[in-house]
Amino acid sequence: MGDLNPNSSFNSNLGVVSSILIFVFGLFFFSVVLLHADTGSPNVITTTVCPRTRNSSLCRTVLKPAGKSDALLKVANYTLTLAHTTAVEGLRHAQRLAAAATNPLLKQRYSECSRRFDFVAKSLEEAKAALVKGGYIPLSHATGATVVEADKCVKNFKKPPREPSKLPEKAKKIGDICDIAVSVSNILAEDY
């Protein structure tokens with residue numbers, strides 16, 4: 001004869017219902033996760049910051065490693081750190097070129113760029129300190145000065161003799177990355 005226990009049918013139905021509920025909740029969870037996954041579309045930061053820069057394609061490339069973060073402070077710290085690292089590399093490169101140059105005019109230009117990159121690196125350190133303190137106006141001023149200094153290095157090489165190294169290109173890249181930091185800091189200052 002069959003099982004006459006009325007609870008056995010209830011227990012088996014409860015197992016089926018709980019399995020269905022787990023499946024539905026799992027399906028819902030994964031559909032939400034997939035809808036919010038990275039679809040390759042630009043984030044709010046890049047669509048806000050990059051159009052304000054002088055090299056928007058470099059900006060999108062530079063900000064890509066910052067991820068899909070909409071945290072402007074995180075992006076500001078990231079761009080300041082990258083700009084500082086790039087400026088220090090440019091400083092070392094310019095110092096090496098100045099030490100090895102035989103042409104007095106090129107030696108002088110390398111030395112001048114070295115001084116400018118040193119200023120850029122120090123200004124970016126000040127900018128990072130201002131960011132930590134929440135001083136967005138001083139942050140904006142410090143980053144703005146860095147672009148001017150990097151651009152002056154580039155202008156040094158517009159006249160003969162021809163520049164055999166890649167220092168002007170490095171200086172332009174430093175200026176462009178600093179310009180991204182300026183755009184981020186200006187947005188922070190506007191919201192302040």
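Select P161 to begin: this residue is found in the loop between α6 (136-156) and α7. Helices here are DSSP runs of H or I with at least four residues, strands are runs of E with at least two, and both are numbered from the N terminus. Now show the backbone from P160 to P161, where the peptide bond is cis, with omega near 5°.

A word on what is loaded: this is a predicted model, in which local features need pLDDT of at least 70 and side-chain atom pairs count only at pLDDT 80 or more, while totals for chains, interfaces and linings use all residues. Residues are numbered from 1 along each chain as its sequence is written, and side-chain values use heavy atoms, with hydrogens and water left out.

**Still in the loop**

Move on to P164, also found in the loop between α6 and α7. Is P164 buried or exposed? P164 is exposed, because its relative accessible area is 57%; the cut-offs are under 20% for buried and over 50% for exposed, with partly exposed in between (1.4 Å probe, protein chains only). Add L106 to the selection and draw a C-alpha distance: 9.5 Å separates the two, which are 58 residues apart along the chain.

**Zoom out**

Colour by secondary structure next. The chain has seven helices and zero strands, so the order from the N terminus is simply α-α-α-α-α-α-α. If you colour by burial instead, buried residues make up 41% of the 192 residues in the chain.

**The nonpolar core**

Which residues touch the most other members of the largest nonpolar core? Select V49, L63, Y110, F117, L139, L167 and L188, out of 50 residues in this core. Helices α2 (44-49), α3 (56-63), α4, α5 (104-133), α6 and α7 each supply at least two of its residues, and α7 gives the largest share, 12 residues. A nonpolar core here is a set of buried Ala, Val, Leu, Ile, Met, Phe, Trp, Tyr and Cys residues joined through side-chain atoms within 4.5 Å. As background, nonpolar side chains tend to be buried together in soluble globular proteins.

**Two stops on the helices**

Pick I45, which lies in helix α2. I45 counts as buried because its relative accessible area is 6%. Draw a line from I45 to V75: they are 30 residues apart in sequence, and 8.1 Å apart in space, C-alpha to C-alpha.

Then jump to P138 in helix α6. With 46% relative accessibility, P138 counts as partly exposed. Its C-alpha atom and that of E126 are separated by 8.6 Å, with their positions 12 residues apart along the chain.

**Salt bridges**

Time to switch on the charged side chains. A search of the whole structure finds eight salt bridges, each being a side-chain nitrogen of Lys or Arg within 4 Å of a carboxyl oxygen of Asp or Glu.

Start with R54 and D176, whose side chains meet at 2.6 Å, N to O. This pair links distant parts of the chain, 122 residues apart: R54 sits in the loop between α2 and α3, and D176 in helix α7. R54 counts as partly exposed, at 40% relative accessibility, whereas D176 counts as buried because its value is 5%. Add D151 and K172 to the selection, and you have a network of salt bridges linking R54, D151, K172 and D176.

Next, select E112 and R116, where the closest N and O atoms of the salt bridge are 2.8 Å apart. They are separated by about one helical turn because they stand four residues apart in helix α5. E112 and R116 are both buried.

A further pair to show is E149 and K152, with the closest N and O atoms of their salt bridge 4.0 Å apart. Both lie in helix α6, three residues apart, or about one turn of the helix. E149 is buried, with a relative accessible area of 14%, while K152 is partly exposed at 36%.

**Last stop: positive charge**

Turn on the surface and select R92, R96, K170 and K173, which gather in a patch of positive charge. The elements giving two or more residues to this patch are α4 (72-100) and α7 (167-191). Patch members have over 30% relative accessible area and no salt bridge, with like charges joined within 9 Å and nonpolar side chains (Val, Leu, Ile, Met, Phe, Trp, Tyr) within 5 Å. Finish by centring on R96 in helix α4, which counts as exposed at 53% relative accessibility.

Definitions and conventions: Accessible areas come from the Shrake-Rupley method with a 1.4 Å probe; for residues, only the protein chains shown count as cover. Lys and Arg count as positive and Asp and Glu as negative; His and the chain ends are not counted. The place of a charge is taken as NZ of Lys, CZ of Arg, CG of Asp or CD of Glu.
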